[in-house]
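Q: I'm new to this one, so could you walk me through it once it's up?
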Amino acid sequence: MEMKISEIFYSLQGEGYHTGRAAIFIRFYGCNRSCDFCDEPLHKTSYYNITAEEIIEKLIDFPSDFIVLTGGEPSISNLNPLIKKLQDLSYTVAVETNGYRPDNISEADWITYSPKELIHTHSHPFYDELKLVVNRHVNTDEILHFAANIHRPVFLQPQANGDKLDFQNIAHCIKLVKCHPQFKLSLQIHKLLNIP
């Protein structure tokens, strides 16, 4: 089975629970949403077809055993066969998803759920961490209500302005975390440090 990939690259995980960890990123092409604040345009513009075996061949160039499947939206396709092959080779596989089709990524070792609108969120806890992209105009009561019964790490990630950090949004998220310490701050350190 061939998959549409925008890029495979090696860097540090810049967000959430695994921040700072060396990771191989596999960016999938396409998304079921068109968010006006999306900070990754490549998944809409460029891709190539590749098989699982060809992906595995590319991974030997990288020393990490931690893989992040990202996008776009990885759960558009059934990635469980790829995930199992990677796990059989002793890779740990994490996925970042907007929750489109959780069953397509259910075999992953770690799932970051990042819904783009709280109104579309899943109540079923298929994920290991919740990451909410937040700007200074967010309805705080809505976030508090949604996160009230979640027993997993909940990260507030300041909404960026394209590939640039928005320091007003960062200040707002810091204030929210200080007022509501059940949340954690997730900064996109790859943007802060200007690394790919």
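Q: What volume does the largest cavity have?
A: The largest cavity has a volume of about 80 Å³, where a cavity is a set of points on a 1 Å grid over the protein atoms alone at which a 1.4 Å probe fits but cannot get out, and a volume is the space filled by probe spheres set on the points, joined across faces, edges and corners. This is a predicted model, in which local features need pLDDT of at least 70 and side-chain atom pairs count only at pLDDT 80 or more, while totals for chains, interfaces and linings use all residues. Residues are numbered from 1 along each chain as its sequence is written, and side-chain values use heavy atoms, with hydrogens and water left out.

Q: Which residues lie nearest its centre?
A: Gln13, Glu15, Glu96, Thr112 and Glu129 do, out of 13 that line the largest cavity, lining residues being those with an atom within 4 Å of a point.

Q: And which strand gives the largest share of that lining?
A: That is E5, with three residues; strands (E, at least two residues) and helices (H or I, at least four) are DSSP runs numbered from the N terminus.

Q: Switching topic, in what order do the strands of the sheet come?
A: The nine strands form an open sheet with mixed pairing, in the order E3-E1-E2-E4-E5-E6-E7-E8-E9, and two strands pair if DSSP finds at least two bridges between them. At the edges, strand E3 (48-51) and strand E9 (183-185) each pair on one side only.

Q: How many bridges join E2 to E4?
A: Four bridges join these parallel strands, and one partnership between E2 and E4 is that of arginine 27 with threonine 70.

Note on methods. On a 1 Å grid over the protein atoms alone, a cavity is a set of points where a 1.4 Å probe fits but cannot get out, and a pocket is an open set with protein on both sides within 12 Å along at least five of seven lines; lining residues have an atom within 4 Å of a point.
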